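Trainee: Could you take me through one part of this model in close detail, and then show me how the rest fits around that part? I am new to reading structures, so please go step by step.

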Amino acid sequence: MLRLVNGPQTVGNGPAFWITFLVVLAGALIYPSFADPYDVGNFAYFLLWVFMALGLCLMWGYCGMLSFGQTFFFGIAGYSYGVLAINFGGGTMTFAALAIAVILAAVAAAILGYFMIWGRVGGVFFGIVTLSATLVLAFFLGQTAGPEWRIGEARLNGFNGMKGMDPLNIPWFDDETLYFEGPSLYYLAIGMIVLVYMGLRMLLNSRFGNVIVAIREDPQRAELLGYDVRKYQLVTFVIGSALAGLSGVLYTSWGQFITPSSIGLPAAAMPIVWVAFSGRGDITATMVGSFLILVAFQTIIVHSQQAALILMGAMLLVTVMVAPQGFVLGIARVAGRLFRRGPREGAEG
Amino acid sequence: MDDILQTRGLGKTFGGLNAVSDVDLSVATGEIHCLIGPNGAGKSTLFKLVVGTYPPTHGNIVFRGRDVTGQLPFQRVKEGMSIKMQTPSVFRELPVRQNLHVALQHHVARHELDREEQRLLELLELSGDAGKPAGALSHGQQQWLEIGMALALKPALLLLDEPTAGMSPEETFRTGELIKQLNGTGMTVLVVEHDMTFVRQIAQRVTVLHFGKVFARGSIEEILADKRVEEIYLGKPHEH
């Protein structure tokens, strides 16, 4: 299984890449020991979005399905976590809430994906339908301000959003409880990212990965090789959407609130910008690029929200016109050529 | 000899246009069967009905004794068909070797994949281009690669829609020899073609379509001797 972490579908397969990976990971692990806890908490916030970006990269970059629905599943899982954590009474049950919330997002993706994929919705219409679902959910949640909109003890609370759920936590030594906030959330996010990243690398370099890349290139040819393209697309859509759901749970746990604005149009466009700028053709480029964009975005937004949004729009425009394959992936490929070992050649070796 | 493929009363209507009408086609196991006809005869429509791209308006398709009329293309492939469409359809951004890998991984054991890939690359004379993106190959090489992908499935019936479109005369001849070589291993081949030189090179039996209907059928010698076939190709008036 482990040999699948290297393969033709992922950039960076040689010793140099993995040494760099370990150095960066080690740096990330020791960062909280010398950084301000407030900054560590901010970094945890940046990291929790990476799952959503990786999910979109899987669907769009590898399987050719441009989904505008990442915040739809982010919202379903985020609200589900809130409802479950409040009704379960918090505590260690928050991890059960996490698991159930992500499963609910996956089930929602399976239902929506089934009707789209079996209904032969493709190309630009795939984006339109997923965006429509996202907007419907955001508008629906926005009108749930009345006291009748509650599930058990949890009030949905309209545009003000749901709040009051416990963050993720587990029992700790000396009858203490470890709440995943600040540095502990940071470490949890790092651990989950490593697991998801390695899992995706193995998936993409497996037979399944070969097929979804082939589907991206030419779905009809893939079908004429005997593959049920619909099943592969659906599984990819469910995995990618469930990853958005994981981001939704971690976000809700981090802030102990979730609002419809985290689902609506501006939020739905963000993952597209991150992944397009980073390079949708590779998960490493998406992971690194999305994190860097989030850091930059958050740094600018402190001074001016408008400037940050304009920057996002400008980045998307420049990416489309100058580097349609993405800047981070482009830089990685140039670096690869400089070392006389391009990503593709490296992949084969 | 048993028929590997039969169509019975097969038809396809687009609005008011009968593209294919009541076609009874029989392809015997082990033969090279060519489906010919002038432009607009309905050859490609019939091909798409057989492979499952189009659902028929009426009639049915029997493959290896099973009615496959309601099956999707991938299900027919699993039954033993392998298909090469008219325009080259390869995974353009993927390396040539990976194109073959995707075709082979379905039914070839992991430890035999490299050897099978290499065998096909040599057969297709693409060994030197194995690392190139398929989109960087010449038109003829892409056609060959697609034929190679179809062969990778080790089909009982190889279906080729104008496999030599856009090829030079030398490439066309080589393709014909390859098809004959495959047929020599027992593979049945159904080819849609309008290049009569190529048909003469490979065909054992021929079905001629005209205005969506079967106009003539027989051995290649019988078809070549049939003046009516010559007339429809040259556009002369005829009676039938």
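Mentor: Let's start with a pair of helices in chain B, keeping in mind that this is a predicted model. Helix α3 of chain B covers residues 96-104, and helix α4 of chain B covers residues 113-123. The two pack at an angle of about 120°, and their axes are 10 Å apart. Because of that angle, α3(B) is oblique to α4(B). Their crossing is right-handed.

Now look at the side chains where the pair meets. From α3(B) come B:Arg97, B:Leu100, B:His101 and B:Leu104, and facing them from α4(B) are B:Leu113, B:Glu116, B:Glu117 and B:Leu120. Sorted by character, the residues of this contact are 4 nonpolar, 1 polar and 3 charged.

Helix α3 also has a part to play between the chains. In total, 21 residues of chain B are in contact with 19 residues of chain A. On the chain B side, α2 (73-79) and α3 each supply at least two of the residues that touch chain A. That side of chain B divides into 12 nonpolar, 6 polar and 3 charged residues.

Before leaving chain B, find helix α1, residues 43-51. It is largely enclosed by the rest of the structure, because 9 of its 9 residues are buried. You can click through them: B:Lys43, B:Ser44, B:Thr45, B:Leu46, B:Phe47, B:Lys48, B:Leu49, B:Val50 and B:Val51. After α1(B) comes B:Gly52, with a positive phi near 100°.

Chain A offers another helix pair to set beside the one we began with. Helix α8 of chain A (residues 207-217) packs with helix α10 of chain A (residues 229-255) at an angle of about 105°, with the axes 10 Å apart. The two helices, α8(A) and α10(A), are therefore roughly perpendicular to each other. On α8(A) the contact uses A:Val211, A:Ile212 and A:Ile215, while α10(A) contributes A:Val229, A:Tyr232, A:Gln233 and A:Thr236. Here the tally is 5 nonpolar, 2 polar and no charged residues.

Next, zoom in on one residue, A:Leu294, which sits in helix α12 (residues 283-301) of chain A. A:Leu294 has 21 other C-beta atoms within 10 Å, and as 20 or more is the cut-off, A:Leu294 counts as buried. Setting aside its neighbours within four places in sequence, A:Leu294 is in contact with A:Phe46 and A:Trp49. A:Leu47 also shows how the chain folds back: A:Leu294 and A:Leu47 are 247 residues apart in sequence, and their C-alpha atoms are 8.7 Å apart in space.

Finally, step back to chain A as a whole. Its secondary structure comes to 15 helices and 6 strands. The radius of gyration of chain A is 20 Å, close to the 20 Å that the globule rule gives for 349 residues, so chain A is as compact as a globular protein of that length. Along its principal axes, the C-alpha trace of chain A spans about 60 × 50 × 45 Å. Of its 349 residues, 48% count as buried. If you take the contacts in chain A between residues at least 6 apart in sequence, 75% of them join residues at least 24 apart.

Terms used:
Residues numbered from 1 in each chain as written. Chains lettered and ligands numbered in written order. Predicted model: local features only at pLDDT ≥ 70, side-chain atom pairs only at ≥ 80, totals over all residues. Axes fitted to C-alpha atoms, helices over the stretch in contact; angles between N-to-C directions. Helix = DSSP H or I, 4+ residues; strand = E, 2+ residues; numbered from the N terminus. Parallel < 35°, antiparallel > 145°, perpendicular 65-115°, else oblique. Left-handed = near helix turned anticlockwise from the far one by under 90°. Contact = placed C-beta atoms within 7 Å. Nonpolar A, V, L, I, M, F, W, Y, C, P; charged D, E, K, R; others polar. Buried ≥ 20, exposed ≤ 12 C-beta atoms within 10 Å, placed from the backbone. Rg over C-alpha atoms; globule rule 2.2 N^0.38 Å.
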